[in-house]
Amino acid sequence: MDIHRCRFVQYPASAINSLAFTHSSLPALSIRRKEAQKNLQVRLAIGRANGDIEIWNPLQGAWHQELVIPGGEDRSVDGLVWVTDPDEEMADGKIIHGKSRLFSIGYTTAITEWDLEKARAKKHASGQHGDIWCLAVQPLQNRSAANANRKLVAGTVDGNLVLYSIEDNDLKFEKTLIRTPSKKVKFVSIAFQSRFVVVVGCSNGTICAYDIRNGTLLRQMSLGTDINGGSKNIIVWSVKCLPNGDIVSGDSTGQVCFWDGKTYTQAQRYQSHSQDVLCLAVSADGSKIVSGGMDRRTAFYELAGQTGRWTKLFHRRYHGHDVKAMASFEGKGMSVVVSGGSDSNPVVLPLRSAGKENHRTLSHLPQTLTLQSAPKARYIISWWENEVRLWHLLSPAQQIIDDPTAPLSLKKNRKFLAKIFVKGDSHISSAAISEDGTLLVAATASDIKVFQLGMTPGQESTQLLIKKVDLETSGYGATKVQISPDNQWITWVEEGSRVVTARVNTQDPEAYAMGRPSTLHRLRRQIPKNIALGGLGSYDRNITHLAYSQDSKMLAATDLAGYLDTWILRGPGEQTNGTAHADDDDEGSSDDESSDEDLEDASAIDGNRWVRNPKAALLPKMSSAPVVLSFSKTKLYEGDDYSLLVVTALKQLFVFNPLQGNLSEWSRRNNYPKFPEQFRNTRDLIKDVVWQGSRVWLYGAASLFMLDLSKEYELEPEKAKVKGTKRKRNGAHDSGAGGKMEKHASLAPQRLRTVTNGAEGPKWEDVDMVDADDSKSAGASSGVDDDDDEDVDGGELQRLRDSADGALIAAAAHGEVAEKVEKQAKWWHTYQFRPILGIVPLVGKETTTASGGLPPLEVALVERPLFLKDLPDRWLGENEHER
């Protein structure tokens with residue numbers, strides 16, 4: 001595989017301003033309730049400075065980014081609150097989990113409720129007050145539905161405490177509870193001490209407790225003035241309330257203060273930070289507290305026995321910039337704190353096992369690709385916010401390698417063609433470009449834009465011509481768009497779960513035209529009532545991936561629930577199986593999951609019709625959300641039709657025969673336990689794939705794996721599974737962060753010494769590590785992790801390609817070497833490239849080598865390290881400096 005290692009493609013990451021879990025904890029339940037808890041949808045919402053909202057599924061430590069709701073111009077998400085109703089029990093004893101609703105603020109006068117099912121804003125509400133700086137939801141008195149009516153309480157920049165009603169699935173301003181006499185006082189942070197008592201941190205060095213029933217001030221606690229040479233008043237950036245009613249605060253002096261919840265007096269304080277404490281997190285039982293600040297520190301505190309005194313355990317620097325937000329979750333075997341800040345990376349920290357487990361840094365890059373290529377034209381497009389940028393890679397990678405002046409002309413190999421700005425209030429949610437580079441589509445939450453691309457003929461300096469193509473839309477915009485390989489169809493997803501397609505008229509190469517859009521019907525699924533009515537509703541029916549077959553005659557879609565939907569293109573007078581004048585009813589019409597409405601022709605344009613695959617109902621439901629959906633470019637197995645690859649968030653890999661409605665024989669024989677241990681145990685989630693004949697290259701943000709789908713995989717020898725021979729990395733026994741620490745691990749540098757026989761007799765010498773790189777290279781072929789090894793003489797990728805052509809095997813002097821090379825070709829992996837924004841192909845034709853080996857593959861690999869991002873200035877302490 002020839003790689004163009006690209007870092008010129010931009011993707012500016014955005015700071016994390018807020019974090020919130022749907023549930024802070026899950027209590028211990030009975031056996032019957034534990035069964036119901038399996039269906040509970042726990043999610044993490046992340047709000048960013050550019051207005052994006054990300055929804056993450058903890059997934060027992062896999063941490064899958066399921067959805068990104070794009071922001072808009074001059075938008076920012078500075079506060080997030082989940083409102084979860086209490087559970088209900090049905091007549092048959094089944095549990096309906098309470099509905100979860102998501103609200104946000106952005107330093108404006110409005111509160112926004114978000115519709116996760118349609119991936120867009122649902123309601124806005126505002127009142128006659130200043131910008132909202134903090135938001136909290138009134139807690140339930142108990143877990144029964146009798147007291148489910150709750151309010152949202154917000155603090156404003158002009159010192160007002162305002163009340164918003166969320167009853168009857170509505171959102172509206174109700175009244176102003178408190179108006180402070182001084183407009184200079186700002187309400188910065190807020191938390192509920194009980195159902196009717198709210199605690200507010202202010203900008204004048206005070207913490208106030210109010211009764212929201214009548215708006216009376218119960219008590220005012222003062223922090224005094226900043227004696228460390230700072231501002232006159234202390235700003236209370238964060239307040240939290242413990243289950244026993246005690247209060248914890250973090251302020252601009254770097255102190256974490258503990259307050260008695262009954263007498264409202266200060267009990268303890270720690271100078272834990274050298275700068276402002278910006279966020280706090282509390283465990284479910286109130287025995288642990290975590291603080292984060294502007295000095296990049298994250299500090300842990302623990303309640304010491306029955307004394308009621310707090311002790312500081314330790315502090316670390318997990319972030320490279322300000323720590324601005326935190327949220328904790330305990331339940332389902334997990335106990336974690338997620339923190340975020342200006343460096344854009346969410347960091348998962350162990351809570352209950354703090355100091356015993358490693359932390360885990362999640363990628364700042366999106367799980368879904370914001371990158372595509374036009375292989376036949378060698379174009380690359382990338383998009384963020386309202387921009388689409390188009391690049392052209394001129395020369396093949398092998399030509400650059402063979403050119404002795406390549407280092408001098410490497411930058412000249414890329415050409416920036418155009419920047420397309422999509423007008424509108426919302427940012428781009430998805431974009432696509434055709435394989436020949438003549439058609440480009442960009443979608444937002446409210447509109448879909450189609451452009452025709454072409455080059456100016458007859459000129460020395462060619463320029464890109466961009467023409468807008470009119471498309472009739474319903475005004476909903478799209479969350480996903482896809483163009484068929486033959487340029488004849490554009491398909492998109494409206495309102496999260498509705499698949500719509502339109503025909504592209506390319507008869508006039510000078511001016512493309514769009515046909516009338518038509519909806520493709522999905523299979524109706526038998527979802528239990530208690531699941532459909534509770535939690536996040538039908539959020540998991542959101543479509544995450546669309547894929548066309550290479551001949552553009554089959555379309556596949558998958559959703560978060562793990563269901564697969566497939567459609568077939570039927571020509572004029574043609575039946576699904578290719579025969580004419582047959583019965584129009586699809587097979588499987590009597591299936592319980594289908595209806596007569598689903599079997600109607602979804603689209604009839606110019607005699608072509610998209611109909612549901614007659615075997616669609618036979619395709620099984622995945623156990624977790626698919627992260628990859630892709631058709632193979634060539635026929636993988638004899639006797640099979642299309643080969644549809646699905647990879648789930650739990651690293652399960654399946655190859656389906658969609659026209660037959662079953663798993664391929666290869667996939668039946670090669671199940672998950674037979675795949676290489678490095679692939680199964682990596683914590684990196686797969687983002688997408690690139691095909692090379694029967695080989696599939698799977699990559700995540702920090703890993704690249706190759707699996708040959710034509711080879712057979714076997715279970716590893718029992719000796720490789722002896723307990724204690726290797727640290728487990730699959731997170732099976734950790735709390736959802738980075739796994740347990742090694743025993744007797746030391747952070748201090750270690751020196752190895754050995755005894756050698758010299759001229760003067762035996763003596764101790766330091767072990768020279770010059771052979772370390774060689775051992776890494778040797779270990780790569782046997783499946784040993786090689787994190788950041790450098791390729792020499794073409795590297796492992798070159799040697800792997802050579803082995804595919806048979807040249808390396810033929811040149812081997814011994815049969816044993818040939819056997820090792822043949823075994824190596826089954827799979828391969830590296831962690832050399834990171835973080836990966838995306839990998840896209842640049843070769844349009846599937847050709848074979850002279851020896852009948854695999855077709856050549858040329859890709860553009862785009863990396864986006866954080867050091868390329870322009871971060872704001874950060875605070876530096878004494879004897880610190882920027883590197």
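**Group meeting: a walk through a predicted chain**

Okay, let's start with one residue, W133: its relative accessible area is 25%, so W133 is partly exposed, falling between the buried limit of under 20% and the exposed limit of over 50%. Before I go on, please keep in mind that this is a predicted model.

Now, what does W133 sit next to? For that we need the aromatic pairs, and the structure holds 23 of them. In one of them, Y107 and W133 have ring centres 5.4 Å apart and planes at 35°, so this pair counts as tilted. Where do the two partners come from? Y107 lies in the loop between β9 (100-105) and β10 (110-115), while W133 is in strand β12 (residues 132-137), so to speak a link between distant parts of the chain, 26 residues apart. And Y107, buried or partly exposed? With 40% relative accessibility, Y107 counts as partly exposed too.

Here's another pair to look at: F258 and Y301 meet edge-to-face, with 6.1 Å from centre to centre and 75° between the planes. This one also links distant parts of the chain, with F258 in strand β22 (residues 255-259) and Y301 in strand β26 (residues 298-304), 43 residues apart. Both F258 and Y301 are buried.

While we're in that region, UniProt has an unreviewed entry that places a "repeat: WD" feature at residues 270-303. What does the chain do over residues 270-303? In the model, that stretch is 59% strand and 0% helix, and its end C-alpha atoms are 13 Å apart.

Let me zoom out for a second. How many helices and strands does the chain have? There are ten helices and 61 strands. Of the 883 residues, 54% count as buried. If you take the contacts with a separation of 6 or more, 56% of them join residues 24 or more positions apart. The accessible surface comes to about 40200 Å², and carbon and sulfur atoms account for 48% of that.

L177 is a nice residue to zoom back in on. You'll find L177 in strand β15 (residues 172-179). Its relative accessibility is 15%, which is under the 20% limit, so L177 counts as buried. Leaving out residues up to four places away in sequence, L177 touches L161, V162, L163, I212 and G215. As for D211, it is 34 residues from L177 along the chain, yet the two C-alpha atoms are separated by 9.3 Å.

Next, the nonpolar cores. The largest has 24 residues, and L653 and L709 have the most contacts inside it. Which elements give two or more residues to this core? They are β50 (626-631), β51 (644-648), β52 (653-657), β54 (686-692), β55 (695-700) and β56 (704-708). Of these, β54 gives the largest share, three residues.

If you click on L709, what is in contact with it beyond its neighbours within four places in sequence? You'll see L636, Y637, L653, V655, W666, W691, S694 and V696. Two of those names come back right away: Y637 and W666 belong to one aromatic cluster, together with F675, F679, F705, Y713 and Y831.

One last stop, and this time a charge is involved. The charged end of K621 sits over the ring of Y563, 5.6 Å from the ring centre.

Thanks, that's my tour.

Conventions:
Residues numbered from 1 in each chain as written. Predicted model: local features only at pLDDT ≥ 70, side-chain atom pairs only at ≥ 80, totals over all residues. Heavy atoms only, no water. UniProt positions renumbered as here; feature names shortened; annotations may be inferred. Helix = DSSP H or I, 4+ residues; strand = E, 2+ residues; numbered from the N terminus. Core = buried A, V, L, I, M, F, W, Y, C linked by side-chain atoms within 4.5 Å. Buried < 20%, exposed > 50% of the residue type's maximum accessible area, 1.4 Å probe, protein only. Contact = heavy atoms within 4.5 Å. Phe/Tyr/Trp six-rings, centres within 6.5 Å; stacked < 30°, edge-to-face > 60°. Lys NZ or Arg CZ within 6 Å of the ring centre and 35° of its normal. Areas by Shrake-Rupley, 256 points an atom, 1.4 Å probe, with all protein chains shown as cover.
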